Amino acid sequence: MSAAPLPWLPSVWSGAAGSRPKGSLIITRSRQVHPGGHRGARRFVRVLGAAALVVSLVSLAVATPASAQVPATGGGSWSVVPSPNPSNADPFNILSSVTCVSDADCWAVGSGFDISTDSGDPVIEQWNGSTWSTVPSPATSGVGSLRSVTCLSGTDCWAVGETIDPGAGEYASTLTEQWDGSEWSVVPSPNGTIDGYLIGTALDSVACASLSDCWAVGYTNSAPGEELYGSVIEQWNGSAWSVEHADISGESLNSVACVNDSDCWTVGTTDAGDGQTLIEQWNGSTWSTVTSPNAGPAQSNTLQSVECSMASDCWAVGDYVAPATKKTQIDHSLAEHWDGSAWSIVASPSLKAEQSNGLYSVTCTSSTNCWAVGTIFSSSRSPEQTLAEYWNGSVWALASSADGSATDSNLAAVGCADALDCWSVGSTSSGGDAATLIEQLDPPTVVVSPGAGPPGTALSVHGSGFTFGKRVKVTYLTGSPSGKQSTNVCSATASDTGTFSCGGTVPAARKAGPNGHHTIEAAGPRSLVVASTTFTLS
């Protein structure tokens with residue numbers, strides 16, 4: 001028989017990461033329900049009164065775990081870049097995902113709501129190398145939201161999310177859109193079914209191994225009063241999307257990543273205890289659960305994002321929280337690594353003991369260059385702040401991230417075109433309004449003093465934005481661009497804050513560079529992080 005909506009399906013809203021208007025009365029509908037209550041980084045809420053559909057990043061929390069000491073800061077800093085917003089009377093605009101094809105072609109997607117009219121549409125923004133601008137999204141039925149975007153090339157991108165149709169019981173339906181190089185268009189995608197009945201289905205993440213092999217994961221919702229939730233996995237075969245798996249088991253799948261068409265990963269949370277990590281792997285024919293560690297069996301553990309730089313190097317990030325000992329709990333960031341044979345927890349930093357930390361996205365350009373972003377909460381009702389952490393191949397450390405102009409700020413996703421060109425997105429909010437937030441990784445810099453002098457001049461070299469704990473080599477370059485000659489000036493190890501200082505002398509001149517200037521270059525390992533400045537030889 002044909003699939004039809006379950007007649008008793010409750011209303012559910014799945015939206016992008018954002019901030020609940022303070023003081024609002026809410027009813028939470030989480031993707032998974034655990035005995036004794038549920039905590040989760042992303043909850044779906046209905047604001048009563050105006051009945052506005054919005055989303056809240058909620059974090060409750062744990063005692064500081066036993067973990068290795070990690071640097072306080074490192075890996076560079078982030079700065080806010082102007083980003084457009086839909087023109088809504090009562091706006092709640094959020095960006096949930098970002099990806100880059102090149103340094104002049106990046107995409108960010110999310111949601112644009114008008115709380116006053118209970119309406120909203122997907123938001124799509126593009127970076128052209130100089131500015132972010134809004135790109136039209138196709139019309140959707142009901143309230144639309146995009147949660148994830150990925151690109152194989154400049155002419156082939158996918159974005160996934162969900163729509164809510166108030167006229168059809170206000171349950172979630174999958175939304176998939178494709179970019180062909182000139183416009184975005186909606187591509188049909190199915191909802192999950194249980195015993196022939198449609199269940200509410202939303203897609204949270206998408207990844208592609210090739211033009212004819214993409215995966216999307218998300219959650220399902222059904223059951224009257226009991227609020228049973230489950231997971232869904234869908235596949236694109238080059239011509240159509242189909243449901244690979246759907247259930248209402250209480251599991252949650254939040255993210256998917258692919259190394260190739262026979263090696264993909266998805267992560268989330270199981271319904272065991274108060275929530276335990278869930279990791280599954282695709283081997284080219286089946287999905288199977290892979291053993292994953294937890295901060296503790298009595299703690300709620302959630303994995304929000306997964307990324308692989310190669311088959312033997314994957315990261316999954318999220319957070320965990322222990323049972324409350326007082327009125328509040330503290331979330332701590334959670335990072336897990338796959339080395340080709342097993343997953344293990346790797347120490348990741350958290351701030352002060354009274355603050356909660358949640359990681360919601362991770363990206364890597366190599367095994368020694370990864371970023372993870374999220375949100376910092378407080379046990380008091382102080383403002384939410386952005387959180388960024390950096391992996392240098394040996395240890396995770398906190399980085400300096402910016403906050404938006406509003407009271408609360410959070411980062412939902414991070415993506416890089418290369419090691420030096422990275423973007424993070426989220427939202428900044430005050431009261432009931434929220435605006436898009438986009439941040440860019442600041443480039444490394446090197447300063448030389450003095451800036452001019454004869455051969456033999458003593459030089460003082462200072463740099464920032466370099467990989468903490470790694471050696472930086474400073475060289476003096478002479479000659480034409482096609483025939484450069486280099487002389488070592490000095491070297492130093494970048495500090496926990498990504499800075500270094502060293503001294504040397506100007507070598508004997510060989511051949512004048514362009515305009516009589518020479519170049520002094522500072523480079524990290526394998527020249528992944530490079531900065532340069534000029535020196536005038538007198």
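The legends below describe close-up views of a predicted model.

**View 1. Trp132 and Trp423 form an edge-to-face aromatic pair.**
A search of the whole structure finds 24 aromatic pairs. In the pair of Trp132 and Trp423, the ring centres are 5.2 Å apart and the planes meet at 85 degrees. An angle over 60 degrees counts as edge-to-face. Trp132 belongs to strand β9 (residues 132–134) and Trp423 to strand β33 (residues 421–430), so the pair ties together parts that lie 291 residues apart in sequence. Both Trp132 and Trp423 are buried.

**View 2. Trp179 and Trp184 form a tilted aromatic pair.**
The centres of the two rings, Trp179 and Trp184, are 5.8 Å apart. Their planes stand at 40 degrees, so the pair is tilted. Planes under 30 degrees apart would count as stacked and planes over 60 degrees as edge-to-face. Trp179 has a relative accessible area of 7% and is therefore buried. For Trp184 the relative accessible area is 5%, so Trp184 is buried as well.

**View 3. Trp78, Trp371, Tyr390 and Phe468 make up one aromatic cluster.**
Two tryptophans take part, Trp78 and Trp371. With them in the cluster are Tyr390 and Phe468.

**View 4. A disulfide links Cys100 and Cys106.**
The count for the structure comes to eight disulfides. A disulfide is a covalent bond between the sulfur atoms of two cysteines. In the link of Cys100 to Cys106, the distance from S to S is 2.1 Å. The torsion about this S-S bond, between Cys100 and Cys106, is about 105 degrees, so the disulfide is right-handed. Cys100 is buried, with 13% relative accessible area. Cys106 also counts as buried, at 0% relative accessibility.

**View 5. A disulfide links Cys308 and Cys314.**
The sulfur atoms of Cys308 and Cys314 are 2.0 Å apart. About the S-S bond of Cys308 and Cys314 the torsion is about 105 degrees, which means that the disulfide is right-handed. Cys308 and Cys314 are both buried.

**View 6. A disulfide links Cys416 and Cys422.**
Between the sulfur atoms of Cys416 and Cys422 the distance is 2.1 Å. The link of Cys416 and Cys422 is right-handed, with 105 degrees about the S-S bond. Cys416 has a relative accessible area of 14% and is buried. Cys422 is buried too, with a relative accessible area of 0%. The cut-off for buried is under 20%, so the values of 14% for Cys416 and 0% for Cys422 both meet it.

**View 7. Strands β35, β37 and β40 form an open sheet.**
The three strands follow the order β35-β37-β40, and their pairing is antiparallel. β35 (445–449) and β40 are the edge strands, each of which pairs on one side only. On average, neighbouring strands of the sheet are turned by 20 degrees against each other, direction ignored.

**View 8. Strand β40 runs antiparallel to strand β37.**
Six bridges join β37 (residues 458–464) to β40. In one of the bridges, Ala458 has Thr505 of β40 as its partner. Strand β40 (residues 500–505) has a covered face, made up of Phe500, Cys502 and Gly504. The uncovered face of β40 holds Ser501, Gly503 and Thr505. Thr505, the bridge partner of Ala458, is thus listed on the uncovered face of β40.

Terms used
Residues numbered from 1 in each chain as written. Predicted model: local features only at pLDDT ≥ 70, side-chain atom pairs only at ≥ 80, totals over all residues. Heavy atoms only, no water. Phe/Tyr/Trp six-rings, centres within 6.5 Å; stacked < 30°, edge-to-face > 60°. Helix = DSSP H or I, 4+ residues; strand = E, 2+ residues; numbered from the N terminus. Buried < 20%, exposed > 50% of the residue type's maximum accessible area, 1.4 Å probe, protein only. Disulfide = S-S within 2.5 Å. Pairing = 2+ DSSP bridges. Axes fitted to C-alpha atoms, helices over the stretch in contact; angles between N-to-C directions.
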